[in-house]
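Biologist: I'd like to learn how to read a structure like this one, feature by feature. Can you walk me through it?

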Amino acid sequence: MFWILILGLLGFSLTAAYRGINLLNWTTGMALVLVGFAIFTSVSMLAIVVLAVLFAAIAVPLNFKPFRRKWLSAPFLAVYRKMLPTLSDTEKVALEAGTVGWEGELFAGNPNWESLLEEYWPQLSVEEQAFVDGPVEELCDMLNPWENSHELADLPPEVWSFLKENRFFGMIIPKEYGGLGFSALAHRAVLQKLGSVCAVAGSTVAVPNSLGPAELLVHYGTDEQKNHYLPRLAKGEEIPCFGLTGPTAGSDATSIPDTGIICKGEYKGKQVLGMRLNFDKRYITLAPVATIVGLAFRLYDPDGLVGDKKDIGISVALVPRETPGMEIGARHLPLNVPFHNGPVRGKDVFVPLDTLVGGVEMAGNGWRMLIELLAVGRAITLPSSSAGGVKLCSLTTGAYARIRKQFNLPIGRFEGVEAAMCRIAAYTYSISALSRMTATAVDLGQKPSVPSAIAKYHATEMGRQVITDAMDVHGGKGIIMGPRNYLGRGWQGSPIWITVEGANILTRSMMIFGQGAIRCHPYVLKEMQAARMGLEEFDHQLFGHIGYSIGNAVRSMILGLSFARFAAVPTDRKTARYYRKLTRYSAALAFASDIAMLTLGGKLKYKERISGRLGDVLSQLYICSAMLKRFEIQGRPAADQPILAWAFHDAIHKIQNALGLVVDNFPSRVVRILLSVIIFPFGRHERQPGDRLGHKVAQLLMSPSETRKRLTDGIFVSDKASNPVGLLELALPRVIATEPLERRLHKAEIAGELDASDGKTQLQEAIEKSIITAKEAQELEAVRAMVTEIIAVDEFESSYLRMGSSGDPVQVRDQAA
Ligand SMILES: Cc1cc2nc3c(=O)[nH]c(=O)nc-3n(C[C@H](O)[C@H](O)[C@H](O)COP(=O)(O)OP(=O)(O)OC[C@H]3O[C@@H](n4cnc5c(N)ncnc54)[C@H](O)[C@@H]3O)c2cc1C
């Protein structure tokens with residue numbers, strides 16, 4: 001009976017920890033168990049008293065707050081203050097910026113799936129849908145990617161005019177200022193469609209609608225600034241760019257050496273209080289054609305002209321292009337995707353103080369503005385453009401793999417090709433779900449700083465894998481550039497999207513987990529703030545945190561031991577076991593993160609391999625959630641299940657790998673053992689998706705179906721045979737329909753019934769020998785002509801290819817000089 005009592009106490013404690021019951025309730029529950037055993041069982045009174053004394057020795061000090069604060073929390077606070085990473089003001093701003101949504105649930109170890117599934121899922125308004133189906137389709141039809149990227153290195157004048165007339169540059173500008181006032185979802189839909197056609201057009205539209213003067217003015221501008229600039233930006237009368245990055249300040253953008261000194265000076269013939277700006281920016285998208293430059297610099301007031309502060313901090317001003325001292329117009333060439341991008345330099349450029357975004361009151365708040373707005377921009381621009389690009393890869397690679405034959409079989413039937421194709425399909429599914437979920441978060445009023453970093457990083461990284469796979473499946477057809485090549489430029493440009501909006505290595509290593517851990521953790525940020533406030537508040541947070549950590553350790557172990565069979569998940573779904581796995585790894589992430597923060601403290605900031613992997617776990621949990629939400633919203637289509645299953649198991653395998661590598665590489669041996677036992681009590685059993693599943697997924701890309709339509713929905717597909725993608729889609733059903741005829745001819749050839757081997761004569765002979773009818777031969781001839789055009793590549797005269805034939809290729813500025 002004594003051991004039953006011990007088991008009872010242990011069982012109650014584990015249940016309490018699993019369910020997150022607070023300290024007082026645990027104490028009361030334990031006391032009741034002891035009293036119950038004393039009254040109703042035969043356990044010896046001596047044993048009960050010994051256990052009660054031991055229990056009291058633990059429970060009383062923990063529940064008696066003055067004692068607990070003095071002897072436990074106070075010494076810990078002294079150590080904690082030393083362990084706290086030193087954060088610069090700008091890091092603090094970054095950590096506190098943005099809101100916490102679903103990622104907070106995943107990070108805290110006990111996600112409430114019903115809340116995710118019930119969350120409102122907005123749709124495009126009628127007006128937005130009409131814009132996507134109207135002007136956006138028309139624009140896509142006007143675009144000629146080869147001409148834009150190779151011949152003009154620009155969009156033609158009629159496209160620029162179309163963009164301006166249809167307010168493409170004013171999608172995020174409210175209607176009252178003449179903009180389209182679109183939702184994030186509509187913004188996403190436009191960029192997705194453009195992303196499937198032409199990166200030059202996509203980037204040109206994306207920048208004015210993301211981080212740039214319009215976004216800054218809408219949120220922080222003075223009424224005067226809004227009234228002046230927003231209508232002009234909406235109509236494209238002003239073309240904006242935004243300059244933050246410079247030669248020495250890349251990823252570490254807060255170190256910008258560019259300055260503004262407050263002083264008096266002459267502006268448009270009048271003496272005014274203003275700023276003398278000196279700056280050197282590079283990589284600035286749209287700068288060469290911009291009429292207004294949003295400029296970030298550090299503002300100083302050495303003579304105290306506007307206040308007591310001499311170093312005011314990072315500020316943002318709008319500087320017109322024609323301001324004397326501006327040097328603008330030269331172009332960089334980003335990997336042969338020639339959207340406008342170039343340097344902006346300025347020497348002693350004088351502008352009045354009212355050019356500061358938000359006026360003098362907002363001086364010094366530039367970093368906060370940029371961080372908050374980047375959270376929104378990152379959630380939409382690149383994930384949406386990536387979604388467009390990968391959907392195009394899925395569509396074209398599936399069709400091409402069916403149409404292109406080698407060894408007398410469509411190449412998509414070979415297992416090696418299948419391996420690439422199922423990655424293409426699955427990542428297309430995840431990127432599109434991910435980009436939809438982050439855009440939705442913006443529409444629901446969030447500033448999703450962590451999900452936007454996840455979306456930017458993973459959409460572009462998976463996108464890079466997809467375009468590489470698509471190129472591999474296309475073989476030489478993807479390599480030979482020209483108007484017939486619909487992939488090559490996308491592959492060339494794929495590293496661009498990895499770098500812009502913050503290079504991915506930094507996003508993965510520092511932002512997703514670094515920011516995520518502190519933002520999403522239910523206690524860490526509060527503890528850091530409490531450490532500054534005093535002992536009482538710190539004690540409160542600390543004990544909440546300890547309970548939370550014990551809870552996650554217990555949950556992680558129990559979920560690991562039971563393979564999460566009893567986790568609270570939506571069990572009415574066929575996908576219930578997916579939710580169970582996610583719940584298990586969410587608890588494991590919460591536990592591993594706490595251990596990492598507790599044992600490494602401030603050093604975790606520099607342990608980027610550990611934090612990067614923990615960030616990968618959070619990211620994959622988020623991506624899986626987005627996929628499950630997508631599956632539910634689309635009505636759980638059974639035909640899509642193989643793609644979801646492949647993408648899900650691939651993500652879970654990545655989660656296991658990332659957690660496994662955290663465990664294996666943890667600096668302390670004791671911690672390695674502890675993590676291993678709690679997170680992987682039975683070892684690591686997740687497997688990569690199997691070949692049979694991969695086969696089903698790959699085949700789904702190779703013939704028209706509702707699943708293929710859903711997977712590639714929202715991109716531009718021309719209905720003209722003169723367009724290479726349009727031709728593929730027109731040919732695919734006809735190629736499939738004529739496959740039995742091709743097989744019949746092939747059999748006849750092997751059986752020696754046909755002598756002729758060249759196409760036309762063979763068809764004639766087959767008609768004569770009644771192997772096929774004349775009508776069938778006619779269709780075969782037409783389809784074969786289409787296939788010949790599809791597999792054709794471009795050829796050029798040497799003179800056409802010679803660089804610099806129409807311009808001087810000499811560098812505008814010799815950087816070394
Ligand atoms: C085509 C293009 C368009 C752009 N458009 C604009 C624009 O319109 N406006 C603008 O202001 N900027 C723009 N940028 C800048 C861009 O947003 C990046 O922030 C910038 O390129 C990063 O700086 P860098 O290239 O000098 O890389 P570096 O800072 O030199 O970084 C090099 C590598 O080191 C990694 N790294 C650096 N620090 C860390 C760290 N602590 N931990 C882990 N990894 C780290 C980075 O991730 C990167 O992989 C653009 C860049 C490009 C290429």
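Biologist: Let's pick one residue. Which helix is Ser-586 found in?

Modeller: Ser-586 belongs to helix α23. Keep in mind that we're looking at a predicted model.

Biologist: And how do I read whether Ser-586 is buried or exposed?

Modeller: You look at relative accessible area, and anything under 20% counts as buried. Ser-586 has 0%, so it is buried.

Biologist: What does the side chain of Ser-586 reach?

Modeller: Look for the backbone nitrogen of Gly-109, at 3.5 Å from that side chain. If you skip neighbours within four places in sequence, Ser-586 is in contact with Glu-105, Leu-106, Gly-109, Asn-110, Pro-111 and Leu-621.

Biologist: Now cores. What's the general idea there?

Modeller: In soluble globular proteins, nonpolar side chains tend to be buried together. Here, the largest nonpolar core has 131 residues, and Leu-659, Phe-666 and Leu-675 have the most contacts inside it. Helix α23, residues 576-600, gives the most to this core, with 14 residues.

Biologist: What is Leu-659 in contact with, leaving aside neighbours within four places in sequence?

Modeller: Its partners are Tyr-585, Ala-588, Ala-592, Val-617, Ile-679 and Phe-680. There's also a second, separate core of 67 residues, including Ala-186, Leu-286, Leu-295 and Leu-353.

Biologist: Next, aromatic rings. How many aromatic pairs are there?

Modeller: The count comes to 20. To read one, check the distance between ring centres and the angle between planes; planes under 30 degrees apart count as stacked. For Trp-146 and Phe-796 the centres are 5.7 Å apart and the planes are at 20°, so this pair is stacked.

Biologist: Why does the pair of Trp-146 and Phe-796 tie together parts that are far along the sequence, 650 residues apart?

Modeller: Because Trp-146 lies in helix α9 (residues 145-151), while Phe-796 lies in the loop between α31 (774-791) and α32 (798-801). Trp-146 is buried, at 9% relative accessible area, and Phe-796 is partly exposed, at 29%.

Biologist: Can you show me a tilted pair?

Modeller: Try Phe-162 and Phe-168: 6.2 Å centre to centre, with 40° between the planes. Phe-162 counts as buried at 9% relative accessibility, and Phe-168 counts as buried at 0%. Those two sit in one aromatic cluster with Phe-131 and Phe-182.

Biologist: Where does a charge sit over a ring?

Modeller: Go to Tyr-429: the charged end of Arg-630 sits over its ring, 4.1 Å from the centre. Likewise, Arg-555 lies over the face of Tyr-18, at 4.7 Å from the ring centre.

Biologist: What about the ligand? Which residues come nearest?

Modeller: There are 21 residues around the ligand, and the nearest are Leu-244, Thr-245, Ser-251, Tyr-283 and Glu-608. Then check polar atoms. A ligand nitrogen is 2.6 Å from an N or O atom in the side chain of Thr-245, and a ligand oxygen is 2.6 Å from an N or O atom in the side chain of Ser-251. For Glu-608, a ligand nitrogen is 2.7 Å from an N or O atom in the side chain.

Biologist: One last residue: where is Val-132 found?

Modeller: In helix α8, residues 126-142. Val-132 is buried, with 5% relative accessible area. Its C-alpha atom is 7.0 Å from that of Ala-189, although the two are 57 residues apart along the chain.

Terms used: Residues are numbered from 1 along each chain as its sequence is written. This is a predicted model: local features need pLDDT of at least 70, side-chain atom pairs count only at pLDDT 80 or more; totals for chains, interfaces and linings use all residues. Side-chain values use heavy atoms; hydrogens and water are left out. A nonpolar core is a set of buried Ala, Val, Leu, Ile, Met, Phe, Trp, Tyr and Cys residues joined through side-chain atoms within 4.5 Å. Buried means under 20% relative accessible area, exposed over 50%, partly exposed in between (1.4 Å probe, protein chains only). Helices (H or I, at least four residues) and strands (E, at least two) are DSSP runs, numbered from the N terminus. Contact means heavy atoms within 4.5 Å. Rings of Phe, Tyr and Trp (its six-membered ring) pair if their centres lie within 6.5 Å; planes under 30 degrees apart count as stacked, over 60 as edge-to-face and the rest as tilted. A charge sits over a ring if NZ of Lys or CZ of Arg is within 6 Å of the ring centre and within 35 degrees of the ring normal. A polar contact is a pair of N or O atoms within 3.5 Å; within protein, one must be able to donate a hydrogen and the other to accept it, and residues adjacent in sequence count only if both atoms are side-chain atoms. A residue is near a molecule or strand if one of its heavy atoms lies within 4 Å of it.
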